[in-house]
Amino acid sequence: MSLEHMAAMAAILLMAYLVRGITGFGSGLISVPLLALFLPLQFVVPLILLLDFTASILIGGLHFKRVQWDEIGILIPFGIVGVVLGTSLLVKLPTEPMLLALAAFILVFAVRSMLNLHGDKPASRGWAIPASLTGGTVGALFGTGGPPYVMYLTHRIRDKSDLRATFSALFFTEGLTRIVSFLVAGLLMTAKVWTAYLTALPLVLGALYMGGRVHVGQAQMARLVGVLLLASSVSLLFKALHA
């Protein structure tokens, strides 16, 4: 990896985990599409998995009593099924179709964030099954499975602190499943991934610490994340079409 790529990687991770420290989610959504512009997805997704798993331990562990376990209990079994499916696709599919699918997926969530399309009605428990199946599959495939879970839980939990802690507990559980799945598939059996993880860890921990002390309005943060995701989506689309 060149010095330019190392500097770009550091800046992307700093931005992604600063957002994660503020909101409790979003690190994969920001980091994976940007890192995929100059690194292979088979390297990026396992790396962000390890970093996100660490972040979930730290954020969720600090607010363990605020986790709404009754809300995530139904999500976990179907999420595991999605993880197994997504891991299989990550190993077998070629890069270009995955980049196009990732660009489209990120674009939808970017527009939703920029326009602040969240609604106020509580979601039915029945939506937990498609949300967890989609979240597990997309999470294993792209390392960005948060949106289906986020869209479901934000319509179930109103307290911001409870929501943030519940996100982290869910992502910890789903991340542990992905780690096992990735180990079986051989995606975590490379020294490059672990070296990058250990090198990036101090930067990520610092970003999480700073993000936890930033107070930004929810609407403003959603629009900022939306702009970043829109730029990521356009860049990924360009790369996929010119690969």
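Hi everyone, this is a short walk through one protein chain and one pair of its helices.

Before we start, please keep in mind that this is a predicted model. The mean pLDDT of the chain is 80, and 86% of the residues reach 70 or more. Which elements sit at the two ends of that scale? Helix α10, residues 191-211, has the highest mean pLDDT of the elements, at 93, while helix α11, residues 218-241, has the lowest, at 70. A friendly reminder here: where pLDDT is low, don't read the predicted coordinates in detail.

Now the overall picture. What is the chain built from? There are 11 helices and zero strands, so if you go looking for a strand, you won't find one. The chain has 243 residues, and 50% of them count as buried. Its accessible surface is about 11200 Å², with 73% of that belonging to carbon and sulfur atoms. Take the contacts between residues at least 6 apart in sequence: 83% of these join residues at least 24 apart.

Let's zoom in on one pair, helix α5, residues 75-92, and helix α9, residues 160-185. Their axes come within 9 Å and cross at roughly 35°, and the crossing is right-handed. Who makes the contact? From α5, the residues include Leu 75, Ile 76, Ile 80 and Val 83. From α9, they include Leu 170, Thr 173, Glu 174 and Arg 178. What kinds of residues make up this contact? They divide into 10 nonpolar, four polar and two charged. Glu 174 and Arg 178 of α9 are the charged ones.

Thanks for listening, and do have a look at that pair yourselves!

Technical notes: Residues are numbered from 1 along each chain as its sequence is written. This is a predicted model: local features need pLDDT of at least 70, side-chain atom pairs count only at pLDDT 80 or more; totals for chains, interfaces and linings use all residues. Side-chain values use heavy atoms; hydrogens and water are left out. Axes are lines fitted to C-alpha atoms, for helices over the stretch in contact, and angles run from 0 to 180 degrees between N-to-C directions. Helices (H or I, at least four residues) and strands (E, at least two) are DSSP runs, numbered from the N terminus. A crossing is left-handed if the near helix is turned anticlockwise from the far one by less than a right angle, and right-handed if clockwise. Contact means heavy atoms within 4.5 Å. Buried means under 20% relative accessible area, exposed over 50%, partly exposed in between (1.4 Å probe, protein chains only). Accessible areas come from the Shrake-Rupley method with a 1.4 Å probe; for residues, only the protein chains shown count as cover. pLDDT is the predictor's confidence in each residue, from 0 to 100.
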